[in-house]
Amino acid sequence: MHYLSILLIGIAANLDNLGISVSYGLRSTRIPFVSNLIIATVSMFCAYLSIIAGTFVTRFISIGLANFAGGLIIICIGIKCIVDSFSLQETPSKVKVDSNFSHVISHPDLADVNDDNVISVKESILLGFALAINCLAMGLGAGITGLSPVLTTLSIGLFSVVSIWSGVKLGGKICGMNIGKYSNFAAGILLIMIGVYEMIV
């Protein structure tokens, strides 16, 4: 079993969470522990479903092809993360939208929809789904390469809690740093390494 890949997938899946939570810390927005757990739970739920889907695919292809396909998917996600890191986009201002859900999905850093500087339970569910989108394709690739659904899901959940907690703390101590850009680039590099590793090992 590829324990190293499981560990690295957990880290890579949550580097974006780190960047988003730093942005909240910079604005003195709190994410209570319960809200943090809800975000992690939503991420774990989505990741588990996608990993199981990936595992199901392996019933129809050989192990060698599964490792190659899964590794290729993870590499493609990594490349997309790197490309996205070079897309300099200004943080959008808060505007009235038809749906809080669609707003948060598009801009996870604006999940505090009532502007009270606290991510509530309701807001944490929306934020959880927004951040979990990144886990879907990643989980599919992990499942195809044969990583344990349970251990990979637990790894993603654990690092979700840690990254959000540490991100908010870090954001409260720094200012003016575009953490999101660097987290995307770092996640991309890490995912490419994981993909190559899964292809050859």
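**Contacts and fold**

I began with contact separation in this predicted model. Of the contacts in the protein with a separation of 6 or more, 88% are between residues 24 or more positions apart. I then listed the secondary structure and found eight helices and zero strands. Read from the N terminus, the order of elements is α-α-α-α-α-α-α-α.

I also looked up burial for the chain. The protein has 201 residues, and 46% of them are buried.

**Helices H2 and H6**

I picked one helix pair to describe. For two packed helices, the values to note are the angle between the axes and the distance between them. H2 covers residues 15-26, and H6 covers 121-144. The angle between H2 and H6 is about 145°, and their axes lie 10 Å apart.

Which residues meet in this contact? From H2 I noted Asp 16, Asn 17, Ile 20 and Tyr 24, and from H6 Leu 127, Leu 131 and Asn 134. Sorted by class, the residues of this contact are four nonpolar, two polar and one charged.

**Cavity**

I searched next for enclosed space. How many cavities of 30 Å³ or more does the structure hold? I found one. For the largest cavity I have a volume of about 30 Å³.

I wrote down the lining of the largest cavity in chain order: Ile 9, Ala 13, Ile 51, Cys 135, Met 138, Gly 139, Ala 142, Thr 152 and Ile 156. By class I get seven nonpolar and two polar residues, with no charged residue in the lining. The two polar entries are Gly 139 and Thr 152, because Gly counts as polar in this scheme and Thr is not on the nonpolar or charged lists.

Which helices each supply at least two residues of this lining? They are H6 and H7, the latter spanning 149-171. H6 gives the largest share, with four residues. So H6 enters my notes twice, as a partner of H2 in packing and as a contributor to the cavity lining.

**Cysteines**

I checked for disulfides and the structure holds zero. I then looked at the accessibility of two cysteines. Is Cys 46 buried or exposed? Its relative accessibility is 11%, so I entered Cys 46 as buried, the cut-off being under 20%. Cys 76 has a relative accessible area of 43%. I entered Cys 76 as partly exposed, because 43% falls between the 20% limit for buried and the 50% limit for exposed. A further cysteine, Cys 135, is already in my notes as one of the residues lining the largest cavity.

Technical notes. Residues numbered from 1 in each chain as written. Predicted model: local features only at pLDDT ≥ 70, side-chain atom pairs only at ≥ 80, totals over all residues. Heavy atoms only, no water. Disulfide = S-S within 2.5 Å. Buried < 20%, exposed > 50% of the residue type's maximum accessible area, 1.4 Å probe, protein only. 1 Å grid on protein atoms, 1.4 Å probe; cavity = no way out; pocket = protein on both sides within 12 Å on 5 of 7 lines; lining within 4 Å. Points joined across faces, edges and corners; volume = space filled by probe spheres on them. Axes fitted to C-alpha atoms, helices over the stretch in contact; angles between N-to-C directions. Contact = heavy atoms within 4.5 Å.
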